[in-house]
Amino acid sequence: MKIKIRLRSGSKIELLVLDLSPIGCMVDRRGWSPQPGDRILVQLQGLGFQPATVIWVEGDQAGIEFEQLLHEVVLEQLQASLKRTA
């Protein structure tokens with residue numbers, strides 16, 4: 001599953017989601033150089049853009065925290081999609 005990210009500059013990128021929880025996700029950040037504290041907009045499959053913050057960056061991975069928790073039903077659908085694409 002991919003996540004769309006809109007940067008402050010207005011540019012958009014798509015990254016592979018490696019893990020997903022109600023509060024955020026871990027992504028493969030290759031091709032993107034985020035810094036902890038960066039404010040971004042994220043769009044998951046079937047949802048609109050929502051505010052989020054880069055929490056950590058380590059190697060080729062980054063952790064993103066959503067400003068608003070994902071609803072349980074939405075999370076279950078997204079996790080099922082994530083498992084199908086893994």
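1. Let's start with glutamine 50, which is buried, with a relative accessible area of 13%; buried means under 20% relative accessible area, exposed over 50% and partly exposed in between, using a 1.4 Å probe and protein chains only. Glutamine 50 belongs to strand E5; strands (E, at least two residues) and helices (H or I, at least four) are DSSP runs, numbered from the N terminus. Leaving out residues up to four places away in sequence, glutamine 50 touches Ile40, Leu41, Val42, Phe66, Gln68 and Leu70, where contact means heavy atoms within 4.5 Å.

2. A word on the model before going on. This is a predicted model, in which local features need pLDDT of at least 70 and side-chain atom pairs count only at pLDDT 80 or more, while totals for chains, interfaces and linings use all residues. Residues are numbered from 1 along each chain as its sequence is written, and side-chain values use heavy atoms, with hydrogens and water left out.

3. Now the overall fold. A barrel is closed by 6 strands in the order E1-E2-E3-E6-E5-E4, with antiparallel pairing. From one strand to the next, the twist averages 45 degrees; axes here are lines fitted to C-alpha atoms, for helices over the stretch in contact, and angles run from 0 to 180 degrees between N-to-C directions. Two strands count as paired if DSSP finds at least two bridges between them. As background, strands of a sheet pair through backbone hydrogen bonds, either parallel or antiparallel.

4. Walking along the barrel, strand E1 (residues 2-6) is joined to E2 by 5 bridges, and the two run antiparallel. Lysine 2 has leucine 16 as its bridge partner in E2. The hairpin of E1 and E2 has 5 residues between the strands, and glycine 10 takes a positive phi near 100 degrees there.

5. Strand E2 (residues 12-21) also pairs with E3, in the antiparallel sense and over 5 bridges. What stands opposite leucine 16 in E3? The residue there is aspartate 28, so you can follow leucine 16 from lysine 2 on one side to aspartate 28 on the other. Two further pairs link these strands: aspartate 19 stands opposite methionine 26, and leucine 20 has cysteine 25 as its bridge partner in E3. A hairpin of 2 residues joins E2 to E3.

6. Strand E3 (residues 24-28) is mostly covered, with 4 of its 5 residues buried. E3 is joined to strand E6 (residues 61-66) by 5 bridges, again antiparallel. Methionine 26 has glycine 63 as its bridge partner in E6.

7. E6 in turn pairs with E5 in the antiparallel sense over 6 bridges. Valine 54 finds its bridge partner in E6 at isoleucine 64. In the hairpin of E5 and E6, with 2 residues between the strands, glycine 59 has a positive phi near 60 degrees.

8. Strand E4 (residues 39-43) and strand E5 (residues 50-58) run antiparallel and are joined by 4 bridges. Arginine 39 stands opposite threonine 53 in E5. The hairpin of E4 and E5 has 6 residues between the strands, and glycine 46 in the turn has a positive phi of about 80 degrees.

9. Glutamine 43, in strand E4, deserves a look of its own. Is glutamine 43 buried, partly exposed or exposed? Glutamine 43 is partly exposed, with a relative accessible area of 22%. Apart from neighbours within four places in sequence, glutamine 43 is in contact with Ile3, Lys4, Gly48 and Phe49. Glutamine 43 and lysine 4 are 39 residues apart in sequence, and their C-alpha atoms are 5.0 Å apart in space. A polar atom of the glutamine 43 side chain lies 2.9 Å from the backbone oxygen of leucine 47.

10. Serine 81 takes us to helix H1 (residues 72-85). Serine 81 is buried, with a relative accessible area of 6%. Residues up to four places away in sequence aside, serine 81 touches Met1 and Gln45. The side chains of serine 81 and glutamine 45 are joined by a polar contact of 3.0 Å; a polar contact is a pair of N or O atoms within 3.5 Å, where within protein one must be able to donate a hydrogen and the other to accept it, and residues adjacent in sequence count only if both atoms are side-chain atoms. Serine 81 and methionine 1 are 80 residues apart in sequence and 6.8 Å apart in space, C-alpha to C-alpha.

11. Last, the rings. The charged end of arginine 6 sits over the ring of phenylalanine 49, 4.2 Å from its centre; a charge sits over a ring if NZ of Lys or CZ of Arg is within 6 Å of the ring centre and within 35 degrees of the ring normal.
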